[in-house]
Amino acid sequence: MATSGKKSALFVCLGNICRSPIAEAVFRKMAADAGVVEKWVIDSGATSDWNIGSSPDARGVACLRKHGVETSHRARQVTNDDFMTFEYILCMDESNLSELNRRANLVKNAVAKVELLGSYDPKKQRIIEDPYYGSDEDFEKVYEQCVRCCKAFLEKNS
């Protein structure tokens, strides 16, 4: 568990500009709406170093705003410390999962539970596909999957 004594979740995708910032923002709003956001450390990160410091994809930001969700996240890469301080690391696809598990095995005091965010989906859509090369509809699908998964994850952890 995070050293602060709070529950903690890190949402991860390849570049930290599409899927994981959407998941982070959705979960933060759900936790706020449920009155428990102060009990959580919530962040997102990337397995790659491609977009460090970048804002989320404009299409993702527009999708979030359409649903009344804001984000001010800047992309960052997952660090070794993340495996020691986050209770949950929730990723979007099998490639993220294998990379995070590989990295976790190199961290001596890793405590994070690395899982697919989609494993919480009541509709059983385990993979949240990267919308980067897609359309606005693909971002909307990511948003809807994140809503379902984050709701189930929050319910399980409240």
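# Briefing: a parallel sheet and its helices

Ala9 stands opposite Tyr88 in strand S3, and that pairing is a good place to step into this predicted model. The strands concerned are S1 (residues 7–13) and S3 (residues 88–91), which run parallel and are joined by 4 bridges. Around them, the chain holds 5 helices and 4 strands. The notes below go from the whole chain to the sheet, then to the helices, and end with two residues worth a visit.

**The chain as a whole**

- Following the sequence from its start, you will meet the elements in the pattern β-α-β-α-α-β-α-β-α.
- The radius of gyration is 14 Å, close to the 15 Å that the globule rule gives for 158 residues, so the chain is as compact as a globular protein of that length.
- Along the principal axes, the C-alpha atoms fill a box of roughly 40 × 35 × 30 Å.
- Of the 158 residues, 51% are buried.
- The accessible surface of the chain is about 7,800 Å², and carbon and sulfur atoms account for 50% of that surface.
- Contacts often link distant parts of the sequence: taking those between residues at least 6 apart, 76% join residues at least 24 apart.

**The sheet**

- The 4 strands form an open sheet in the order S2-S1-S3-S4, and their pairing is parallel.
- Its edges are S2 (40–46) and S4 (113–116), each of which pairs on one side only.
- From one strand to the next, the twist averages 20°.
- S1 and S2 run parallel and are joined by 7 bridges; within this pair, Ser8 has Val41 of S2 as its bridge partner.
- Between S1 and S3 there are 4 bridges, and besides the pairing of Ala9 with Tyr88 you can find Leu10 bridged to Ile89.
- S3 and S4 also run parallel, with 4 bridges between them; here Cys91 has Leu116 of S4 as its bridge partner.

**Cover on the strands**

- In a regular strand, side chains alternate between the two faces of the sheet.
- S3 is covered on both faces: Tyr88 and Leu90 are buried on one side, and Ile89 and Cys91 are buried on the other.
- S2, although an edge strand, is mostly covered, with 6 of its 7 residues buried.

**Helices on the sheet**

- Back at the bridges that join S1 to S3, look for the helices that pack on the sheet: H1 touches S1 and S2, and its direction makes about 170° with that of S2.
- Helix H4 (residues 94–105) packs on the sheet as well, touching S1, S3 and S4; its direction makes about 170° with that of S4.

**A closer look at H1**

- H1 covers residues 19–33, and its length agrees with expectation because 15 residues at 1.5 Å a residue should span 21 Å, and the end C-alpha atoms are 21 Å apart.
- The helix is largely enclosed by the rest of the structure, because 11 of its 15 residues are buried.
- Those buried residues include Arg19 and Glu24, along with Ile22, Val26, Phe27 and Met30.
- Their cover includes S1 and S2 from the sheet, together with helix H2 (58–66), H4 and helix H5 (136–156).
- After H1 comes Gly35, which has a positive phi, near 75°.

**Two residues to visit**

- Met30 lies in H1 and counts as buried because its relative accessibility is 17%, which falls under the 20% cut-off.
- Setting aside neighbours within four places in sequence, Met30 is in contact with Val147, Cys150, Lys151 and Leu154.
- Met30 and Lys151 are 121 residues apart along the chain, and their C-alpha atoms are separated by 7.3 Å.
- Asn96 belongs to helix H4 and is buried, with a relative accessible area of 2%.
- With neighbours within four places in sequence again left out, Asn96 is in contact with Val12, Cys13, Leu14, Arg19, Thr47 and Cys91.
- Two of these partners have appeared above: Arg19 as one of the buried residues of H1, and Cys91 as the bridge partner of Leu116 in S4.

Methods:
Residues numbered from 1 in each chain as written. Predicted model: local features only at pLDDT ≥ 70, side-chain atom pairs only at ≥ 80, totals over all residues. Heavy atoms only, no water. Buried < 20%, exposed > 50% of the residue type's maximum accessible area, 1.4 Å probe, protein only. Contact = heavy atoms within 4.5 Å. Pairing = 2+ DSSP bridges. Axes fitted to C-alpha atoms, helices over the stretch in contact; angles between N-to-C directions. Expected span 1.5 Å × (residues − 1). Rg over C-alpha atoms; globule rule 2.2 N^0.38 Å. Areas by Shrake-Rupley, 256 points an atom, 1.4 Å probe, with all protein chains shown as cover.
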